[in-house]
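This report goes through a single protein chain, from individual residues to the core and one pocket. Please have the sequence and the structure open while reading.

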Amino acid sequence: MNTKTLQFKTFDDITLWNNLKDGNEKSFSILFEKYYGDLVNYGNSLSPYAEKVQDCVQDVFTDIWVYRNGLQSSVVVKAYLLSSVRKRIARLHERDHIFRKATSTDSIAFLLEFSVEHELIDDDYATKEKVVHLNKLLNDLPARQKEALYLRYHQGLTVEQIADMLDVNYQSASNLLHRGLLTLRKEWKGSISLIILLSSTAC
């Protein structure tokens, strides 16, 4: 774990969020630095236009600061930020007619390619082959299932938070996760835990 990660872990998100609401610029900067990379990576999974994605993420933080007085005090900060980026990119798609015009985020295709962290792979050739196979299975899943798995195991969101982000009910979000895992488990014969591998997927 690097020094920056340790530094971020010493700050509680909800404390930073409420300090931000009170106009504390340092708390705002810490949240920006803590989540900017994750938000850009997630945004890049929803749009192939990297510069526009960065603009969207920066706009999200700008709005948070400008309208901080109207923010709710009780939020899951990471889920709120990811959801805000997703909605802003959906508006970008609609405005620029990159995809078909839509009034929701349903038109967004999840573009991220999953890749298991190399640290979890030992020198055994057979194990490496299985991990390559798992990556292929993940990336062959329907976009919505793949995004749900990404949000659950890479970003650590709850099923309820995923449902809110994808604009579906709880059961539909649960079904997306279940179907994705069911498909993977039918084909996965690796010795490494499937859930451990999913939790290590990186952008």
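Where is the place of D167? D167 sits in the loop between α8 and α9, where helices (H or I, at least four residues) and strands (E, at least two) are DSSP runs numbered from the N terminus. The model is predicted: local features need pLDDT of at least 70, side-chain atom pairs count only at pLDDT 80 or more, and totals for chains, interfaces and linings use all residues. Residues are numbered from 1 along each chain as its sequence is written, and side-chain values use heavy atoms, with hydrogens and water left out.

**Loop residue D167**

The phi of D167 is near 60 degrees, a positive value in a residue other than glycine. Most residues other than glycine have a negative phi. D167 is exposed, with a relative accessible area of 54%. Here buried means under 20% relative accessible area, exposed over 50%, and partly exposed in between (1.4 Å probe, protein chains only).

**The chain as a whole**

The protein chain has ten helices and zero strands. Of its 203 residues, 42% count as buried. Among contacts (heavy atoms within 4.5 Å) between residues at least 6 apart in sequence, 66% join residues at least 24 apart.

**Four buried residues**

The table lists the relative accessible area of four residues together with one C-alpha to C-alpha distance for each.

| Residue | Relative accessible area | Partner | Separation along the chain | C-alpha distance |
|---|---|---|---|---|
| Y150 | 1% | L177 | 27 residues | 9.7 Å |
| L71 | 11% | L20 | 51 residues | 9.8 Å |
| I162 | 0% | S83 | 79 residues | 8.9 Å |
| L157 | 2% | V76 | 81 residues | 9.3 Å |

Y150 lies in helix α7, which covers residues 143–154. L71 is found in the loop between α4 and α5. Leaving aside neighbours within four places in sequence, L71 is in contact with W17, L20, K21, I64 and Y80. L20 is thus both a contact of L71 and its partner in the table.

L157 is placed in the loop between α7 and α8, and I162 in helix α8. With neighbours within four places in sequence left aside, L157 touches A79, L82, L151, R152, I162 and M165. On the same basis, the contacts of I162 are A148, L151, R152, L157, A173 and L177. L151 and R152 appear in the list for L157 and in the list for I162.

**The largest nonpolar core**

A nonpolar core is a set of buried Ala, Val, Leu, Ile, Met, Phe, Trp, Tyr and Cys residues joined through side-chain atoms within 4.5 Å. Which residues have the most contacts inside the largest one? They are L39, L81, L149, L151 and I162, in a core of 47 residues. The elements that give two or more residues to this core are α2 (13–21), α3 (25–44), α4 (50–66), α5 (77–96), α6 (125–139), α7, α8 (159–166) and α9 (170–187). The core lies between domain 1 (13–107) and domain 2 (118–202), because both give residues to it. The domain bounds come from an automatic or database domain assignment.

**The second largest pocket**

Pockets are found on a 1 Å grid over the protein atoms alone: a pocket is an open set of points where a 1.4 Å probe fits, with protein on both sides within 12 Å along at least five of seven lines, and lining residues have an atom within 4 Å of a point. Grid points are joined across faces, edges and corners, and a volume is the space filled by probe spheres set on the points.

The second largest pocket has a volume of about 350 Å³. Its lining has 18 residues, of which A79, Y80, S83, S84 and K87 lie nearest its centre. The elements that give two or more residues to the lining are α4, α5 and α8. The largest share, seven residues, comes from α5. At least three lining residues are drawn from each of domain 1 (13–107) and domain 2 (118–202).

By class, the lining has eight nonpolar, four polar and six charged residues. Ala, Val, Leu, Ile, Met, Phe, Trp, Tyr, Cys and Pro count as nonpolar, Asp, Glu, Lys and Arg as charged, and the others, Gly among them, as polar.

Some residues named near the pocket centre recur above: A79 is in contact with L157, and Y80 with L71.
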